[in-house]
Amino acid sequence: MDSSVSVRDLRISYGALDVIRDLQLDIAPGEFLVLLGPSGCGKSTLLNAIAGLIDVSDGEVWINERNVTWDEPKDRGIGMVFQSYALYPQMTVEKNLSFGLRVAKHSREDIDKRVARAAEILQIEPLLKRRPSNLSGGQRQRVAIGRALVRDADVFLFDEPLSNLDAKLRVDLRVEIKRLHQRLRSTMVYVTHDQIEALTLADRIAVMQGGAIQQLDDPLTIYNRPCNLFVAGFIGSPAMNFFRGRLEEGADGVRFRGQGIETPLAGYDGDTALLPGREVIFGMRPEHLLFDQDAVGRPGQVEAVVELEEPMGADSLVWLTLGEARLSVRCGSGRRYRPGDRVPLAFDISRASIFDAETERRL
Amino acid sequence: MDSSVSVRDLRISYGALDVIRDLQLDIAPGEFLVLLGPSGCGKSTLLNAIAGLIDVSDGEVWINERNVTWDEPKDRGIGMVFQSYALYPQMTVEKNLSFGLRVAKHSREDIDKRVARAAEILQIEPLLKRRPSNLSGGQRQRVAIGRALVRDADVFLFDEPLSNLDAKLRVDLRVEIKRLHQRLRSTMVYVTHDQIEALTLADRIAVMQGGAIQQLDDPLTIYNRPCNLFVAGFIGSPAMNFFRGRLEEGADGVRFRGQGIETPLAGYDGDTALLPGREVIFGMRPEHLLFDQDAVGRPGQVEAVVELEEPMGADSLVWLTLGEARLSVRCGSGRRYRPGDRVPLAFDISRASIFDAETERRL
Amino acid sequence: MSDPIHPRGAKPRHLTPGRIGLYAFLVFAAAFFLLPFYVMVVTSFKTMPEIQQGNIFSLPSKLTLAPWVTAWAKACTGVNCEGIRVGVLNSFKIMIPSTFLSILLGAINGYALSFWRPRGGNLIFAVLLMGAFIPYQVYLYPLVRMLSMVSLYNTLPGIIVVHVIFGMPVMTLLFRNYYAAVPVDLFKAARIDGGGFWTIFTRVMLPMSGPILVVAAILQVTGIWNDFLFGLIFAGRDHLPMTVELNNIVNTTTGTKAYNVNMAATILTAMVPLIVYFVSGRWFVRGIAAGAVKG
Amino acid sequence: MKPLRLRRLSAQAALIPTWVIVIFAYLGTILWTIRISFTSSGILPKYDFVGFEQYERLFRSARWIISVQNLAIFGVMFIVGCLVLGFLMAVFLDQRIKGEGIFRTIFLYPYAMSFIVTGLVWAWILNPTLGIQHAMHNWGWTSFSFDWLARGDRAIYMVGFAGIWQSAGLVMAILLAGLRGIDEDIWKAARVDGIPTWRVYISIVIPMMSGMFVTAIVLLAIAVVKVYDIVVAMTGGGPGISTEVPAKFVIDYLFNRQNIALATAAASVMFVAVLVVLGPWLYRQYFRKERRAA
Amino acid sequence: ADKAEVIHWWTSGGEHAAVMEFEKAFDAQGGDWVDAAVAGGGGDAARTDGINRIIGGNPPTAMQFNTGKQFDELVSNGLLRNLDPLAKEYGWKDKINPVLLNAVSVDGHMYAVPVDIHSNTWLWYSPEVLKKAGLEPPKTWDDLLTDLAALKKDGVIPLAQAGDAWTQVLTFYNVLITQGGKDLYMKIIKDHDVDAVKSPEFLKVAETFGKLRDYVDPGMQGRQWNQAIALVIDNKAGFNFMGDWAKGEIDVNKKVPGKDVGCIPGLGHQTYWVGGDVFVFPKVKSKAEQASQALLAKVLLEPKVQLAFNEKKGAVPVLKDVSSEGMDQCAQKGLALLKSGDYVPSSDILITPDMSGSIQDLVSAYFTDKSQTPQQFVDQFAAIIGG
Ligand SMILES: Nc1ncnc2c1ncn2[C@@H]1O[C@H](COP(=O)(O)OP(=O)(O)OP(=O)(O)O)[C@@H](O)[C@H]1O
Ligand SMILES: Nc1ncnc2c1ncn2[C@@H]1O[C@H](COP(=O)(O)OP(=O)(O)OP(=O)(O)O)[C@@H](O)[C@H]1O
Ligand SMILES: [Mg+2]
Ligand SMILES: [Mg+2]
């Protein structure tokens, strides 16, 4: 078996409540896996179980081909970075980095070497003598990563390491973590509920809900071919536009009709055959809607009313109403739209997603 | 004079330290003004001065043509929403909303009417009997807005009302605030350090730094024609790419040369004439760089090396190195780039910004 | 669990030596803390001869309730033989308003110092902090003079004022720290809602001061209830608290001291604070967490 | 010119009672005390001036010297003992144990009881002819000897011991609150780092709880400087004058020995000592921080 | 009836019975005794309370003091009522024992009413314990030391001593007066004669007092005076130095002073060491209260009341012309000494509370610390007397 971290039949319960049920997960060596999901879905619990910080109720955890289910965290070859940084406040950065090594009675030179290396990688050499309270958020985060680095961990675990930072810093540190991964090639498991982080960082994303993994795939697949309604709705900002309706037999093949929309579905990139008569939910991402000039002359073109435009610099978000439905469209920042404008709209079926209304699975 | 809020010669100091110096600001009735700037630049201080929560050291504050410099906050016709929500923890939502009215001894019916109206606007009717501790972040924020609503304030002041919320909720509430503004048409002053919020919400943005307003303009102008280096760098995510160099006389008019780039500047949309010999900083936003296919055959085309690609679903960020310079490009999510790929790159001069290296002002 | 090489499922739990040591320590510590109380209780049920003969740790061979009756209603001090019950009502009359007022004043101080930052606020706080370190007795003399100047000496309001004075440093400290942790935005919001000094205090700040009020109340109730010196000097003959009576009984030197009566009287006197601790101990730790963190 | 603002006025008005108390009861008393210490007053104040006479006498007095020494011994033992025992109890109570509420109440109750009698009970328990030694002898262990309370050179330690018994629970409550406030992630980080629990407490948790320790130390220090009841109840200052403390010195001279000048001199010395020893520290704790936060 | 609030610290069993006599008599004559007993510390708490109330302008009607200088300063500040008119009316100056009259007078004016005469220091012993050990009651200090040594060998507590410092001071004065003699005592305590302190006689006193340290038991610390005498009463200890108020405890135990418990007024020079209690009457404004004071003062000194009170209190009446009839053996011995002029005023009468406090500190420190030598004691004593 070739996997760096492997979780088998995992069950974790607090009292009578199963927080995680029968979870399976295999992470390849050097892989960057992101656990993504709404608050309370069990991401941190899973991560803590891998780290050995909470006892599992059932199942096994393997790290580097070794069954570590009952091992102490320090013996698992992991490093962990926490959302609140969890730096030791009274120690200098250097002490923070070396504390674990000192306790483990590493030699002075070894400690110095490792700290120096981590500091160099993270570019925190000038900060080594400072206390955490005198560091900025980004610097603290780096020190927290450094603490995992000096341990020569095979597996890095991150629990929402960026969510306490402001937007600008988040972008910068995201890139840094990505570079770090490219440089170290260690296995990384990264918990977040920010989908941009997940999309940009992950080799594979595990989308979780209610203690179970909904979809485990690479970012583009997750984004473009979400396996069910939950994943589709959860990923993407603003969220995918959904329309309820049913499949109908039309002249040009199967058509979708509902909420004031009628469009042929030719070119749909689906997993199963589209059977007419089925109740479905038709989903389009804001950037995959054809809008204004682009929409003119397309099949299934409709007219929508502008409710609001949000310029975002590089592009704009336009919020529209279409019958009772409200939807958002992302478009270039060329023309400005005023509330009340009527604009043509069409669908790029090749990028749509259609879900069974009952099972909520992608068709 | 036709302005709703007007700040004249404002100076605010803590002890010997001037936090705000000689600040002038006029806000038109019904305008949505955003105060944007890095942490500690004095945004909250300015807002608090308008609200009357801190004493000004010098200058005047006018609201609705009335000098309110020494008025109590409650007499200024303002409502304010805070980052931490600042809901009264021991009161129900209804009590929270009506507290100000009860203090001002409004009649029972009047209070009920106003609360009902605010609750309806914000769709928090079902929450009226709950305590803040039993509300989600978004709901709390709505209640906080409601507290300003019931006061029939002419001017709404927001101090980073969304920064405690997670990304998804932030998008939703942003739209809600925008709708609220369209519906009420009250004057709103909104503090944030999130530029997306600023760009999407504002009629005009005041970019602040070090207690002074750097630029006060509508969002697109701020984004496309930043008046100085600070504004250019502060707005946009990822940040604008900058190249140091100098202007030179070329065959086809003035050219820019520096950091491995040489490009004619024909078509530059500038404020002043470009004089050869000047040290300048040449700035291009990631989405205005011409990349890959788009760049082929353009004047000043260069070749850059891919360092990292960050897919973000709708589009991708590609981080490149070009000589010693490192830059980012935003592009559609069609092709994927691998580290090490060599890709052509060119500049859309009509969207560039050029700054004097010394004064840092836009040319 | 059966195969140690392939651990699976929940880690087997052992009663580790550490855990045993932990309970051993706690039980041992509890025994240490209860020892004097145990001695008091058993002594209070013994007869005097048994106390004189026996071991202070042994259980009473014959249970007697007489000491309790005596302590409550019959013990003599001077010419009066009415036990400690005479002071109970006075103790309540002193404790309730004193506790209430000192907490109120402490809360007002903490609130004003944290949010309004009035001129001289730091001076007030500094003086109170220093004043807390001076033995009370040093204040007696000038206080007697001052109170008699305003005709409060030896009156119920007088003793209440004294308790308020001496409760002020710690009360102010507690509330100042507590309010320092309250987001200042809350205060600003209330100002915009039109609240003045008192409106914000009574309708916003006080209602959210639950945890610290509990701590303050516990400290003040115990402190004031157990006070003897101020009660003796400032309360006046008609308002002597039961601790004065307790002192008279305990320090009274009957031929052989009635230790059983003394113990019963002490336990009876301590009843009120003990009940307060018992009922609100849970909130005490929470309240301290809320109020004293900032140091 | 700024107009006078009403809100400031109401804040000032609300503090009037406090100002009155601070000025008269505290500042006034302190100044009066210092003034009297330079007079030859007996039982009643006399406003003459005798220079440092009382101070000279004070520092010639063996009892005062012993009192100060005892205060130091008691103070160190009491504060350290309360902190150590209180911390241990807090740590052990924080281990998700059964019956936490009962243990907590047991540890706290001594603080609720007046020392008039609990001091007496301690005096019994420690008295060689009544207490533990006697009980041990009764039970056959006749070589057992524990007579520290009766020995002039050791009695003060027993006073400290009883003091610890009384106040350790309060420290426990404060520190328990502190422990409960420590970020769970710190514990996790330390476990991942492989740091033994005791080491985490010593190197990380204790430094993190410095705020709580400060609160505890301030409360304990106040108790130390004022220590009186406990000595009176347990030893009355004896054997001899071996357990005398400054507060008792002040009180004895104030009313019994009818020399308020000497008493106020002693009080002034205590006050100045507190000012010098604790003043800068208190200033740092309570004022400098505030300025930075503001 | 007029209310009279009386502060005192008579709260023990014998004292309680005694003070009841005052109350009964006062109430019988139309007064209304409001009792304000404050126990503890040999009157510390009561004096603190009373003095503060006088200063605070809310004085009690009457207040107990020990005979002596405790209230001098109240007098010089004009806070106490001058009793001369009453004294003249009732002829007290002729009837009261002159030592006491002196003690309650300042500049010839009378400011307090003495109510009892105590001999502050007697040696009490248990005849039964001595008999068991085959010993005779001692006649001299050397006898005593021999007896103590013998008792110690027998495993009996030789000297029952209380832990409170003032009881140790009583023991010291007993040695000083009855071994050193009346003159030495007067030279040192009254005249503050440093040479007398440095004399060999005083060194001898210090040595004898120091030897007593060897005969106390480890239970001394924490023991109160009544517990100490109780040890003698219960035949658990041989000797105890205590004032004649110990008889109160003997009475309560249904024993007879002089028979069941032996009393010796002095081993060498038998001397009556006169002390006692007085009442002062703070100046009060209301006429009614002044009348109460007058009534109370009169009642306190009525012969009948004096007899009844002092019998219970174990003391001797302050009036000269009381008969010794019905008194116990010990009181009779005391009265005889009083009549023969073999008495000295107690130290409280002669020195300020301040100095007596310093002596107390020194004596108790010496008595409880065997490492201190008699010479050190003498030197420090000289420093107190001289400075
Ligand atoms: N100690 C605990 N006792 C009981 N329930 C717990 C405990 N810790 C977590 N839970 C529950 O387990 C579930 C999963 O929690 P977890 O912390 O793993 O969520 P998460 O996905 O990390 O959420 P977040 O994004 O908010 O951090 C939640 O429903 C939570 O309420
Ligand atoms: N009470 C005060 N005393 C002294 N300096 C203060 C005080 N309040 C604010 N400042 C200083 O004034 C400056 C402006 O603060 P302000 O809170 O207005 O910044 P801001 O732009 O709102 O920042 P942020 O985005 O972090 O909220 C800061 O440098 C701050 O340190
Ligand atoms: Mg989590
Ligand atoms: Mg701010």
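Q: What counts as a helix or a strand here?
A: Both are DSSP runs: a helix is H or I over at least four residues, a strand is E over at least two, and they're numbered from the N terminus. One caveat: this is a predicted model.

Q: Okay, so how many helices and strands does chain D have?
A: Chain D has 14 helices and 0 strands. Reading along its sequence, you get α-α-α-α-α-α-α-α-α-α-α-α-α-α.

Q: What box do the C-alpha atoms of chain D fill?
A: Roughly 75 × 65 × 30 Å, taken along the principal axes.

Q: And what share of the residues in chain D is buried?
A: Chain D has 294 residues, and 62% of them are buried.

Q: Switching to ligands. Where does ligand 2 lie?
A: Ligand 2 lies between chains B and D.

Q: Which residues are closest to ligand 2?
A: B:Ser39, B:Gly40, B:Lys43, B:Ser44 and B:Thr45 are the closest, out of 13 residues that surround the ligand. By class, that shell has 6 polar, 5 nonpolar and 2 charged residues.

Q: Which helix gives the largest share of the shell around ligand 2?
A: That's helix H1 of chain B, residues 43-51, which supplies 3 residues of the shell.

Q: Which oxygen or nitrogen atoms of ligand 2 have polar partners, and how far off?
A: There are a few to look at. A polar side-chain atom of B:Tyr14 lies 3.3 Å from a ligand nitrogen. With B:Gly42 it's a backbone N or O atom, 3.0 Å from a ligand oxygen. B:Thr45 puts a polar side-chain atom 2.4 Å from an oxygen of the ligand.

Q: How much of ligand 2 does the protein bury?
A: 64% of the 640 Å² that the ligand exposes when taken alone.

Q: New topic: chain C. Which residues make the nonpolar surface patch?
A: C:Met271, C:Ile275, C:Phe278, C:Val279 and C:Trp283 make it, and the patch is about 520 Å².

Q: Where does C:Trp283 lie?
A: In helix H13 of chain C, residues 259-291.

Q: Why does C:Trp283 count as partly exposed?
A: Because its relative accessibility is 34%, and partly exposed runs between the 20% and 50% cut-offs.

Q: And C:Asn90, is that buried or exposed?
A: C:Asn90 is buried, because its relative accessibility is 11%, and buried means under 20%. You'll find C:Asn90 in helix H4 of chain C, residues 85-116.

Q: What does the side chain of C:Asn90 reach?
A: It reaches the backbone oxygen of C:Asp238, at 3.3 Å.

Definitions and conventions
Residues are numbered from 1 along each chain as its sequence is written. Chains are lettered from A and ligands numbered from 1 in the order in which they are written. This is a predicted model: local features need pLDDT of at least 70, side-chain atom pairs count only at pLDDT 80 or more; totals for chains, interfaces and linings use all residues. Side-chain values use heavy atoms; hydrogens and water are left out. A residue is near a molecule or strand if one of its heavy atoms lies within 4 Å of it. A polar contact is a pair of N or O atoms within 3.5 Å; within protein, one must be able to donate a hydrogen and the other to accept it, and residues adjacent in sequence count only if both atoms are side-chain atoms. Accessible areas come from the Shrake-Rupley method with a 1.4 Å probe; for residues, only the protein chains shown count as cover. Ala, Val, Leu, Ile, Met, Phe, Trp, Tyr, Cys and Pro count as nonpolar, Asp, Glu, Lys and Arg as charged, and the others, Gly among them, as polar. Patches are made of residues with over 30% relative accessible area and no salt bridge: like charges are joined within 9 Å, nonpolar side chains (Val, Leu, Ile, Met, Phe, Trp, Tyr) within 5 Å. A salt bridge is a side-chain nitrogen of Lys or Arg within 4 Å of a carboxyl oxygen of Asp or Glu. Buried means under 20% relative accessible area, exposed over 50%, partly exposed in between (1.4 Å probe, protein chains only).
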